[in-house]
Amino acid sequence: MKALVVYESMFGNTEQVARAVAAGLREVLEVTVREVSDTPIGAVQDVDLVVAGGPTHASR
Ligand SMILES: Cc1cc2nc3c(=O)[nH]c(=O)nc-3n(C[C@H](O)[C@H](O)[C@H](O)COP(=O)(O)O)c2cc1C
C-alpha cells in the first residue's frame, strides 16, 4: 500500500512533523512526502492514504 504525506510549512516546523510521520508510516507503507505547491492534483489518486498537514495561521 502507498501513502502520500503532503504539507505546507513556512518556517519548517510542519515539514519536520510531516517527515517524522512519514518515517513512521514507512515501517508499513510505501511513502512519498511532498510540499503542497509541488503536489500535482492527481497525486492523491495513486495512493491508499493521504496525510495532510499545515500550520495554524490566524486560528485557522
Ligand atoms: C501569521 C501567523 C499567524 C499564526 N497564527 C497562529 C494561530 O492562530 N494559532 C497558533 O496556535 N499558532 C499560530 N501561528 C504559529 C504557527 O502556527 C507556528 O509557528 C507553526 O509552527 C508554523 O509552522 P511552520 O514552521 O511549518 O511554518 C501563527 C504564525 C504566523 C506566522
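## A walk through a β-α-β-β chain

The chain's secondary structure adds up to one helix and three strands. Read from the N terminus, those elements come in the order β-α-β-β. Keep in mind as you turn it around that this is a predicted model.

Start with the overall dimensions. Laid along its principal axes, the C-alpha trace spans about 35 × 25 × 15 Å. The radius of gyration is 12 Å, and a compact globule of 60 residues would come out near 10 Å, so the chain agrees with that expectation. Buried residues account for 10% of the 60 residues. As for how the chain comes together, take the contacts between residues at least 6 apart in sequence: 71% of them join residues at least 24 apart.

Now go inside. The largest nonpolar core has six residues: Leu4, Val5, Val6, Tyr7, Ala18 and Val31. Strand β1, residues 2-7, supplies the largest share of this core, with four residues. In soluble globular proteins, nonpolar side chains tend to be buried together. Val31 is a handy place to pause. Skip its neighbours within four places in sequence, and Val31 is in contact with Ala3, Val5, Ala22, Leu25 and Arg26. Val5, one of those partners, is a fellow member of the core.

Arg26 also gives you a way out towards the loop between β2 (30-35) and β3, where Ile41 is found. Ile41 and Arg26 are 15 residues apart in sequence, and their C-alpha atoms are 23 Å apart in space. Is Ile41 buried or exposed? Ile41 counts as exposed, because its C-beta has 6 neighbours inside 10 Å, and the cut-off for exposed is 12 or fewer.

Carry on past that loop and through β3, and you reach Gly54, in the segment after the strand. Gly54 is partly exposed, since 14 other C-beta atoms lie within 10 Å. Its C-alpha is separated by 9.3 Å from that of Val36, which sits 18 residues away along the chain. What does Gly54 touch, once residues up to four places away in sequence are set aside? The partners are Tyr7, Glu8 and Thr14. Tyr7 is a residue you have already met in the core, while Thr14 turns up again around the ligand.

That brings us to the ligand itself. Its surroundings draw on Ser9, Met10, Phe11, Gly12, Asn13 and Thr14, together with Pro55, Thr56, His57, Ala58 and Ser59. Sorted by class, this shell holds four nonpolar and seven polar residues, and no charged residues.

Two members of the shell deserve a second look for their backbone. Ala58 is not a glycine, yet its phi is positive, at about 55 degrees. Ser59, also not a glycine, has a positive phi of about 65 degrees. Ala58 lies in the segment after β3 (49-53), and the place of Ser59 is in the segment after β3 as well. Why does Ala58 count as exposed? It has 4 C-beta neighbours inside 10 Å, so it counts as exposed. Ser59 has 4 C-beta neighbours inside 10 Å too, and therefore counts as exposed.

Technical notes
Residues numbered from 1 in each chain as written. Predicted model: local features only at pLDDT ≥ 70, side-chain atom pairs only at ≥ 80, totals over all residues. Near = placed C-beta within 6 Å. Nonpolar A, V, L, I, M, F, W, Y, C, P; charged D, E, K, R; others polar. Core = buried A, V, L, I, M, F, W, Y, C linked by C-beta atoms within 7 Å. Buried ≥ 20, exposed ≤ 12 C-beta atoms within 10 Å, placed from the backbone. Helix = DSSP H or I, 4+ residues; strand = E, 2+ residues; numbered from the N terminus. Contact = placed C-beta atoms within 7 Å. Rg over C-alpha atoms; globule rule 2.2 N^0.38 Å.
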